[in-house]
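This briefing is meant for a reader who is meeting the structure for the first time. Please keep the sequence and the 3D view at hand while going through the points below.

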Amino acid sequence: MYVKKLEKAYFYNSSQRDIIADIFWLTEKLYKSRNTILICCKDYENVKIIGDFLWAYRDDGFIPHSLEKEDQVSVYPVLITSKIDKDYKHNTLLALNGVLVEEKVCQKFSNVYYFFDNQENKEKENARIMWKNFVSQNVVCKYWVNKANKWVLQNSS
């Protein structure tokens, strides 16, 4: 299997926003662009919340997805999980709740979208670790904050 090199990492400081609707919007946009998406949550409870939301967010929209404990999870273009398995073949990672993802795992993806709460010390520290790792690998990094209910680019490398 040919794996693209990690090209871009987008960091979203979600401390001033409920990001569930943003996750739907971003997942829908990436799915329509023919990406395969792995959504990584901190625990199975959050996996279920995101999965339920993707089913119910819009009456006129559907994003085919699977949850980590269901059969044949890797065949769906969107997988919601709390563990990243080496066999998953998705090209885009959405990491939620400031979950720390190993450097070698991130290299499986061409793009990473990293959501963290800057007011939670562990999430903020994990985001810093991930940023430093990506920058050291010459990955383009962009940092977004929420101002007046809009995502605004705050910094980039």
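Leaving aside its neighbours within four places in sequence, Tyr113 is in contact with eight residues that can be looked up one by one: Tyr10, Tyr12, Leu26, Leu30, Thr92, Leu93, Leu94 and Ala95. The model in which these contacts appear is a predicted one, and the values in the points that follow are computed from it. The points begin with Tyr113 itself, go on to other single residues and to a pair of helices, and end with the chain as a whole.

**Tyr113 and its surroundings**

- Tyr113 belongs to strand S6, which covers residues 111–116.
- Is Tyr113 buried or exposed? Its relative accessible area is 9%, and because burial is set at under 20%, Tyr113 counts as buried.
- Although Tyr113 and Ala9 are 104 residues apart along the chain, their C-alpha atoms are separated by 5.8 Å.

**Cys40 in strand S2**

- Cys40 has its place in strand S2, and with a relative accessible area of 3% this cysteine is buried.
- When neighbours within four places in sequence are set aside, the residues in contact with Cys40 are Thr81, Ser82, Ile84, Leu93, Leu94, Ala95, Leu96 and Val99.
- Leu93, Leu94 and Ala95 are among the contacts of Cys40, and these three residues are also found among the contacts of Tyr113.
- The C-alpha atoms of Cys40 and Val99 are separated by 7.7 Å, while the two residues lie 59 residues apart along the chain.

**Glu28 and Tyr31 in helix H1**

- Glu28 is found in helix H1, where its relative accessible area of 11% makes it a buried residue.
- Between the C-alpha atoms of Glu28 and Ile63 there is a separation of 6.6 Å, with their positions 35 residues apart along the chain counted as the distance apart.
- Tyr31 also has its place in helix H1, but at 29% relative accessibility this tyrosine counts as partly exposed.
- Not counting residues up to four places away in sequence, Tyr31 touches Ile37, Ile63, Pro64 and Pro77.
- Tyr31 and Val99 are 68 residues apart along the chain, and their C-alpha atoms are separated by 22 Å.

**The crossing of helices H1 and H2**

- Two packed helices are described by the angle between their axes and by the distance between those axes.
- For helix H1 (residues 20–32) and helix H2 (residues 44–56), the axes come within 10 Å and cross at roughly 60°, and the crossing is right-handed.
- Which residues make this contact? On the side of H1 they are Ile20, Ala21, Ile23 and Phe24, and on the side of H2 they are Ile49, Ile50, Phe53 and Leu54.
- Sorted by character, the residues of the contact of H1 with H2 comprise 8 nonpolar ones, with no polar and no charged residue.

**Loop residues with a positive phi**

- Arg34 is not a glycine, and yet it has a positive phi of about 70°.
- The position of Arg34 is in the loop between H1 and strand S2 (37–40), and with a relative accessible area of 77% Arg34 is exposed.
- Ala148, likewise not a glycine, has a positive phi of about 50°.
- The loop that holds Ala148 runs between strand S7 (140–147) and strand S8 (150–156), and at 76% relative accessibility Ala148 counts as exposed.

**The chain as a whole**

- How many helices and strands does the protein chain have? Its secondary structure comes to 4 helices and 8 strands, and along the sequence these follow the pattern β-α-β-α-β-β-β-α-β-α-β-β.
- A compact globule of 157 residues would have a radius of gyration near 15 Å, and the protein chain, with 15 Å, agrees with this.
- Along its principal axes, the C-alpha trace of the protein chain spans about 40 × 35 × 25 Å.
- Of the 157 residues of the protein chain, 48% count as buried.
- The accessible surface of the protein chain comes to about 8900 Å², and 47% of it belongs to carbon and sulfur atoms.
- Among the contacts in the protein chain with a separation of 6 or more, 61% are accounted for by residues 24 or more positions apart.

Technical notes
Residues are numbered from 1 along each chain as its sequence is written. This is a predicted model: local features need pLDDT of at least 70, side-chain atom pairs count only at pLDDT 80 or more; totals for chains, interfaces and linings use all residues. Side-chain values use heavy atoms; hydrogens and water are left out. Axes are lines fitted to C-alpha atoms, for helices over the stretch in contact, and angles run from 0 to 180 degrees between N-to-C directions. Helices (H or I, at least four residues) and strands (E, at least two) are DSSP runs, numbered from the N terminus. A crossing is left-handed if the near helix is turned anticlockwise from the far one by less than a right angle, and right-handed if clockwise. Contact means heavy atoms within 4.5 Å. Ala, Val, Leu, Ile, Met, Phe, Trp, Tyr, Cys and Pro count as nonpolar, Asp, Glu, Lys and Arg as charged, and the others, Gly among them, as polar. The radius of gyration is taken over C-alpha atoms; the globule rule is 2.2 Å times the number of residues to the power 0.38. Buried means under 20% relative accessible area, exposed over 50%, partly exposed in between (1.4 Å probe, protein chains only). Accessible areas come from the Shrake-Rupley method with a 1.4 Å probe; for residues, only the protein chains shown count as cover.
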